[in-house]
Amino acid sequence: MSALTPCKTKECEMIDCEIIENLEVIDNIIFTNSLFIAKVFEKNHRDVLKNIKNLCDDEFKTLNFKESFYLNSQNKKQPCYNLTRDGFSLLVMGFTGEKAYKFKIEFIKAFNEMEKRLKILEQENIKKLALHQSLGYKSQLAQQKEKYQNKIKALQYDLDRVKNTQGLKRKLSNKELRELKKILAKDYDIICFDKTDCLLFAEKASEEHDIENRHSIYKGIKNKFERKLIYWQNYEKMEKSFKAIFG
């Protein structure tokens, strides 16, 4: 087998599985460790540690070589390093020989496989997050709908209760009218204003547009208000008409 021929032996297939099992994902970054590298490449771990320590103490080393430890047979802590893919590539660059070449290939394949699995997992998490957000948004809409339905029911209850009293058979004083407006705004998000208020609002709204459109905007707001006012002034009669037409 030439040095450039990919490894197809059972030994390499087993090493590939072993390498994958010994890769570790920390904060979404794939690591191997110096102890496992020494084992696979048949190196003394002390020599591997020495090679790492002899590297320049720069940003690359800080990012790609993380100090760690393992427990030996006497259950004592011993130093080792966790290496990223780039850290591994730099470290084993000087390892020579056909066997070393095969193991480099297997490590690269293992890193590629783990990166593929991470991407699949990330896509699945994004889909789950989107689903949860969608369900949460639907739940929020349902809660808002229920909230407003309850407000409408409460308002209807209050109106029915007032209808059964003499409260609406007399004209409200200005003070009572102000109190009613405050209650409707605070409890039901309803703003009450009379015809004069509406005309002032229409005038202000039309001022924000060019001269040609001001009159039509003012007239449109005024007409909508007057139609709505007529509807409520003749509520019972209008409702009967709608029921007669639409059933």
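Here is a short walk through this structure, from the whole chain to single pairs of residues.

The model is predicted, so local features are described at a pLDDT of at least 70 and side-chain atom pairs at pLDDT 80 or more, while totals for chains, interfaces and linings use all residues. Residues are numbered from 1 along each chain as its sequence is written, and side-chain values use heavy atoms, with hydrogens and water left out.

Let us begin with the chain as a whole. The chain holds 10 helices and four strands; these are DSSP runs numbered from the N terminus, with helices being H or I of at least four residues and strands being E of at least two. Following the sequence, you meet them in the pattern α-β-β-α-α-α-β-β-α-α-α-α-α-α. Of its 247 residues, 21% count as buried, where buried means under 20% relative accessible area, exposed means over 50%, and partly exposed lies in between (1.4 Å probe, protein chains only). The accessible surface comes to about 19,100 Å², and 56% of that belongs to carbon and sulfur atoms; such areas come from the Shrake-Rupley method with a 1.4 Å probe, and for residues only the protein chains shown count as cover. A contact means heavy atoms within 4.5 Å. Among contacts between residues at least 6 apart in sequence, 55% join residues at least 24 apart.

Now find the strands. The four of them form an open sheet in the order β1-β2-β4-β3, with antiparallel pairing. Two strands are taken to pair if DSSP finds at least two bridges between them. In general, strands of a sheet pair through backbone hydrogen bonds, either parallel or antiparallel. The edges here are β1 (24–26) and β3 (65–71), each of which pairs on one side only. From one strand to the next, the twist averages 45°; angles run from 0 to 180 degrees between N-to-C directions, using axes fitted as lines to C-alpha atoms, for helices over the stretch in contact.

Within the sheet, β2 (residues 29–33) and β4 (residues 77–83) pair in the antiparallel sense over two bridges. Here T32 stands opposite L83 in β4, and N33 stands opposite N82 in β4. Strand β4 also pairs with β3, again in the antiparallel sense, over seven bridges, and there F69 faces P79 of β4. What do β3 and β4 form with five residues between them? They form a hairpin, and N75 in its turn has a positive phi of about 65°. Helix α3 (residues 45–53) packs on the sheet, where the helix touches β3 and β4 and its direction makes about 55° with that of β4.

Just past the sheet, T84 lies in the loop between β4 and α5. Is T84 buried or exposed? T84 is buried, because its relative accessible area is 7%. Leaving aside residues up to four places away in sequence, T84 touches I29, I30, F31, L63, N64 and F111.

A different setting awaits at M93, in the loop between α5 (85–91) and α6 (98–163). M93 counts as exposed because its relative accessibility is 60%. Together with F60 and L90, M93 forms a nonpolar patch on the surface, with about 280 Å² of accessible area in total. Patches are made of residues with over 30% relative accessible area and no salt bridge, joining like charges within 9 Å and nonpolar side chains (Val, Leu, Ile, Met, Phe, Trp, Tyr) within 5 Å.

Finally, look for the charged pairs. The structure holds eight salt bridges, each being a side-chain nitrogen of Lys or Arg within 4 Å of a carboxyl oxygen of Asp or Glu. One of them joins E115 and R85, whose closest N and O atoms are 3.3 Å apart. E115 lies in helix α6 and R85 in helix α5, so this pair ties together parts that are 30 residues apart in sequence.

Other salt bridges stay inside helix α6. K109 and E106 form one, with their closest N and O atoms 3.3 Å apart; because they are three residues apart in the helix, about one helical turn separates them. K109 is partly exposed at 38% relative accessibility, whereas E106 is buried at 1%. E113 and R117 also meet in a salt bridge (3.0 Å, N to O), and these two are four residues apart in helix α6, so about one helical turn lies between them. E113, K116 and R117 are linked in a network of salt bridges.
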